[in-house]
Amino acid sequence: MFAVGLTGGIGSGKTTVADLFAARGVPIVDTDFIAHRITGPNGAAMPPIAKEFGAEFVTADGALDRAKMRALVFSDDTAKARLEAITHPLIRAETERERNAAKGPYLIVVVPLLVESGTWKSRVDRVLTVDCSVDTQIERVMRRNAFPREQVLAIIDKQATRDARLAAADDLIVNECAALDELAAQVERLHRRYLALAGTPSA
Ligand code: ADP
């Protein structure tokens with residue numbers, strides 16, 4: 001099925017945009033959601049994570065101790081690579097399974113790290129980037145997550161640059177201070193384009 005990879009920096013509005021596509025009946029496969037599920041209680045990634053990192057990284061209910069793992073991988077790139085060697089193949093396999101089960105003329109695959117993690121671009125037919133300024137990202141994430149400014153900056157610093165995401169884009173949604181109806185209008189325009197590209201006459 002025709003697949004659009006939806007990406008954007010933290011706080012750019014990926015979830016908000018994905019919701020607007022979902023409201024038009026487009027199936028959404030969210031790799032962040034999958035990553036969360038496979039590291040939740042009894043998730044497929046938990047036995048290999050326990051084996052690789054030790055039982056202290058597993059909570060009482062069998063999920064990943066996210067705070068502990070975040071603290072480890074934030075400053076240790078080798079640990080990050082070891083974790084990703086476990087999670088990435090599982091995320092890819094589960095994404096494929098959900099893609100195959102999805103029904104519709106096309107689907108959206110939400111991949112926050114599409115630009116950072118190399119192979120995704122070749123796994124989708126088109127890349128849609130949600131763009132906004134770094135200042136807006138900071139403001140939104142501080143508000144949404146109640147994170148201090150420094151923490152948001154540190155996350156943004158680890159992600160691809162705005163320019164790199166723009167360079168990877170086939171299509172763009174500008175979500176700077178867009179009111180929801182303006183955002184919806186951009187989504188509607190792209191929805192029609194994707195229906196046409198997927199070979200479905202738009203009603
Ligand atoms: P992402 O999934 O890219 O991290 P979200 O869609 O969760 O981003 O958006 C980040 C935060 O900003 C959310 O709280 C969301 O409600 C808010 N937000 C997103 N777009 C807008 C907008 N156009 N106007 C106001 N708030 C917005």
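1. Contact is taken here as heavy atoms within 4.5 Å. On that criterion, 13 residues of domain 1 are in contact with seven residues of domain 2. The model under discussion is a predicted one.

2. As to the partition itself, the domain assignment of the protein chain places 1–27 + 106–197 in domain 1 and 32–101 in domain 2. Taken over C-alpha atoms, the centres of domain 1 and domain 2 are separated by 23 Å.

3. The area buried between domain 1 and domain 2 is about 880 Å², with 60% of it on carbon and sulfur atoms. On the side of domain 1, the residues that lose the most area to domain 2 are W120, R123 and K158, which together account for 49% of what that side buries.

4. Concerning specific interactions, zero salt bridges are counted between domain 1 and domain 2. Polar contact between domain 1 and domain 2 amounts to two residue pairs, both at pLDDT 80 or more.

5. Three elements, β3 (106–110), α6 (120–123) and α8 (149–158), each give two or more residues to the side of domain 1 that touches domain 2. Of that side, β3 supplies the largest share, namely three residues.

6. The composition of the side of domain 1 that touches domain 2 is nine nonpolar, two polar and two charged residues. This may be read together with the 60% of the buried area that lies on carbon and sulfur atoms and with the count of zero salt bridges between domain 1 and domain 2.

How values were computed
Residues numbered from 1 in each chain as written. Predicted model: local features only at pLDDT ≥ 70, side-chain atom pairs only at ≥ 80, totals over all residues. Heavy atoms only, no water. Domains from an automatic or database assignment. Buried area = accessible area lost by both parts, 1.4 Å probe. Salt bridge = Lys/Arg side-chain N within 4 Å of Asp/Glu carboxyl O. Polar contact = N/O pair within 3.5 Å; in protein donor to acceptor, adjacent residues only side chain to side chain. Helix = DSSP H or I, 4+ residues; strand = E, 2+ residues; numbered from the N terminus. Nonpolar A, V, L, I, M, F, W, Y, C, P; charged D, E, K, R; others polar.
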